[in-house]
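Open the model in your viewer and keep the selection tool at hand. The stops below go from one selection to the next.

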Amino acid sequence: MGIDPGLRRLALGTLLAAYPGPVPPDWAVALVAEGLAGHTLFGGNVHDPGQLAAGTAALRAARTDVLLAIDEEGGDVTRLAHATGSPYPGNAALGEVDDTALTREVYAAIGGELAAVGVTVDLAPTVDVNTADENPVIGTRAFGADPGRVAAHTAAAVAGLQSVGVAACAKHFPGHGATVADSHHELPTVDADAALLRARDLPPFAAAVDAGVRAVMTAHIRVPALTGDGPATFSRAVLVDLLRGEYGFTGAVVTDALEMKGATVAAGGVGPAAVRALAAGADLLCLGAKVDAALVERVVAEIVGALGDGRLDRARVEQAAGRAAALAAWTGAARPPGPTGGVEVGLGYRAARRAVRVEGDPTGPARPLVVQVYAAATVAEGRVPWGLGPHLADVEQLRVVATEVDPATVRRLAGDRPVVLVGRHLHRLPGGPALVEALAATHQVTVVEMGWPGRWRPAGVRAFVTTFGASHANGRAAAEVLGLTC
């Protein structure tokens with residue numbers, strides 16, 4: 001026997017799928033017509049604003065209340081500007097400036113761009129408190145390491161996005177900032193007691209709820225004091241008792257991508273993960289980026305099967321689908337009629353310039369050799385261009401891998417010129433600190449750190465410049481500070 005059509009539609013109403021390419025394929029449109037809650041858009045879906053708007057319009061033609069979500073954080077995580085880098089600084093830079101009015105303005109501008117192309121939910125802001133300098137997945141995506149500051153900017157970001165009718169989604173509950181592992185690849189653990197979590201990790205989520213955030217995203221992290229041995233995504237104590245009961249959240253709980261190892265390893269696959277997340281209190285199940293029609297049908301079959309064998313209660317799934325529908329209804333009602341207003345040209349670049357911090361004297365009469373040290377991107381960031389290159393005028397640039405370059409080669413190419421060494425998390429890169437030390441022994445070196453700076457400061461350099469992010473705007477700001485632009 002086939003799946004009951006009513007149960008299939010109910011299960012579909014809890015799912016955020018995805019599709020490849022710039023044009024929604026027929027199956028992606030058909031699933032929307034059949035009740036799919038919506039799609040998450042990724043960089044591969046975005047070529048230009050006109051193309052993206054046409055794609056979202058095609059999905060909306062299938063059902064007007066379809067949810068169209070995207071990870072547009074500004075800074076290092078951008079989908080709209082994945083080909084060039086974001087024209088906005090990310091959260092770390094905004095937190096460093098510490099002007100909540102600016103944060104609200106930047107997020108309203110991001111929301112305006114999303115609304116203009118038909119996106120209804122921004123899977124942002126990241127509100128984790130980045131207390132682990134070695135955190136491989138949050139870092140510059142966080143507003144900082146101070147819970148009070150992060151909470152204040154969280155509220156401003158939520159207000160900015162939602163002022164233009166785009167639903168905000170605060171992530172990653174109950175806080176990914178103290179991890180030293182990436183939940184895309186494994187299940188990280190935050191070993192802290194409940195009192196520390198309430199003082200350090202949870203205040204920004206409370207601020208988001210108070211600001212009226214429409215959605216909260218779960219974290220695939222293990223917090224033994226709250227979740228036991230499993231991830232927060234599968235924990236009723238976290239999603240219901242804490243988030244809804246203690247903090248009073250009434251919106252939609254969205255899972256982080258269920259294709260991530262932090263979820264699939266614990267559950268035994270995307271389908272079982274979907275069932276466990278629903279049972280724990282999640283409402284919208286983000287399947288991930290690598291989705292096709294067959295995967296959607298497998299997950300639907302798993303949910304319907306769980307309704308039959310008692311793993312899931314029908315009332316719980318109806319509640320989840322109802323919250324997803326309520327989120328869609330809010331985005332329709334909150335969207336201002338007509339254009340949302342033009343984006344102020346240069347807003348992001350001015351904001352990024354305010355965030356740059358300089359220790360020492362980075363300028364000099366001679367044009368330097370700029371050396372960009374390669375750093376692999378995280379899954380969240382994707383392959384987005386970064387660095388000073390697009391902004392340099394009459395300056396030679398060399399791209400290197402720290403473990404593969406001979407410092408003597410760099411010294412020979414530099415000659416009598418000073419060296420500007422540009423990197424992301426240079427102190428964490430294999431060979432990074434050694435390269436800085438070797439070059440500083442013979443040349444005037446300025447280090448431009450475009451990742452999370454932490455406490456590392458290399459000895460013997462002329463200057464240390466921190467941008468708090470690697471977006472296009474951050475790169476322009478650094479080049480301007482160094483006097484290397486046109």
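This tour visits an annotated domain, a run of paired strands, one arginine and then a second sheet.

**Stop 1: the annotated domain.** Keep in mind that the model is predicted. Select residues 33-324. UniProt lists this range, in an unreviewed entry, as "domain: Glycoside hydrolase family 3 N-terminal". Helix makes up 45% of the chain here and strand 9%. The C-alpha atoms at the two ends lie 15 Å apart.

**Stop 2: strand E3.** Select residues 67-70, which form E3. Show the side chains. Leu67 and Ala69 point one way. Leu68 and Ile70 point the other way. Are these four buried or exposed? All are buried.

Now add E2, residues 38-41. E2 and E3 run parallel and are joined by four bridges. Look for Thr40, which stands opposite Ala69 in E3. To follow the chain from E2 to E3, show helix H3, residues 49-62. The path passes through H3, and this β-α-β crossover is right-handed.

Next, add E4, residues 121-122. E4 pairs with E3 in the parallel sense, over two bridges. Ala69 turns up again here, opposite Val121 in E4.

**Stop 3: Arg141.** Move on to the loop between E4 and helix H6 (147-162), and select Arg141 there. Why does Arg141 count as buried? Its relative accessibility is 7%, and the cut-off for buried is under 20%. Which side chain does Arg141 meet in a polar contact of 2.8 Å? The partner is Glu73. Widen the selection to the residues in contact with Arg141, leaving aside neighbours within four places in sequence. Glu73, Val77, Asn91, Thr126, Lys171, His172 and Ala380 make up that set.

**Stop 4: the six-stranded sheet.** Select E9 to E14. These six strands form an open sheet with mixed pairing, in the order E9-E14-E13-E12-E10-E11. Which strands are at the edges? They are E9 (357-360) and E11 (396-400), each pairing on one side only. On average, neighbouring strands are turned by 20° against each other, direction ignored.

Zoom in on E13 (residues 445-449) and E14 (residues 463-466). They run parallel, with four bridges between them. Glu449 stands opposite Thr466 in E14.

**Stop 5: the helix on the sheet.** Finish with H17, residues 432-440, which packs on this sheet. H17 touches E10 (369-373), E11, E12 (419-423) and E13. Its direction makes about 175° with that of E12.

Definitions and conventions
Residues numbered from 1 in each chain as written. Predicted model: local features only at pLDDT ≥ 70, side-chain atom pairs only at ≥ 80, totals over all residues. Heavy atoms only, no water. Buried < 20%, exposed > 50% of the residue type's maximum accessible area, 1.4 Å probe, protein only. Pairing = 2+ DSSP bridges. Right-handed = clockwise from strand over helix to strand, strands pointing away. Polar contact = N/O pair within 3.5 Å; in protein donor to acceptor, adjacent residues only side chain to side chain. Contact = heavy atoms within 4.5 Å. UniProt positions renumbered as here; feature names shortened; annotations may be inferred. Axes fitted to C-alpha atoms, helices over the stretch in contact; angles between N-to-C directions.
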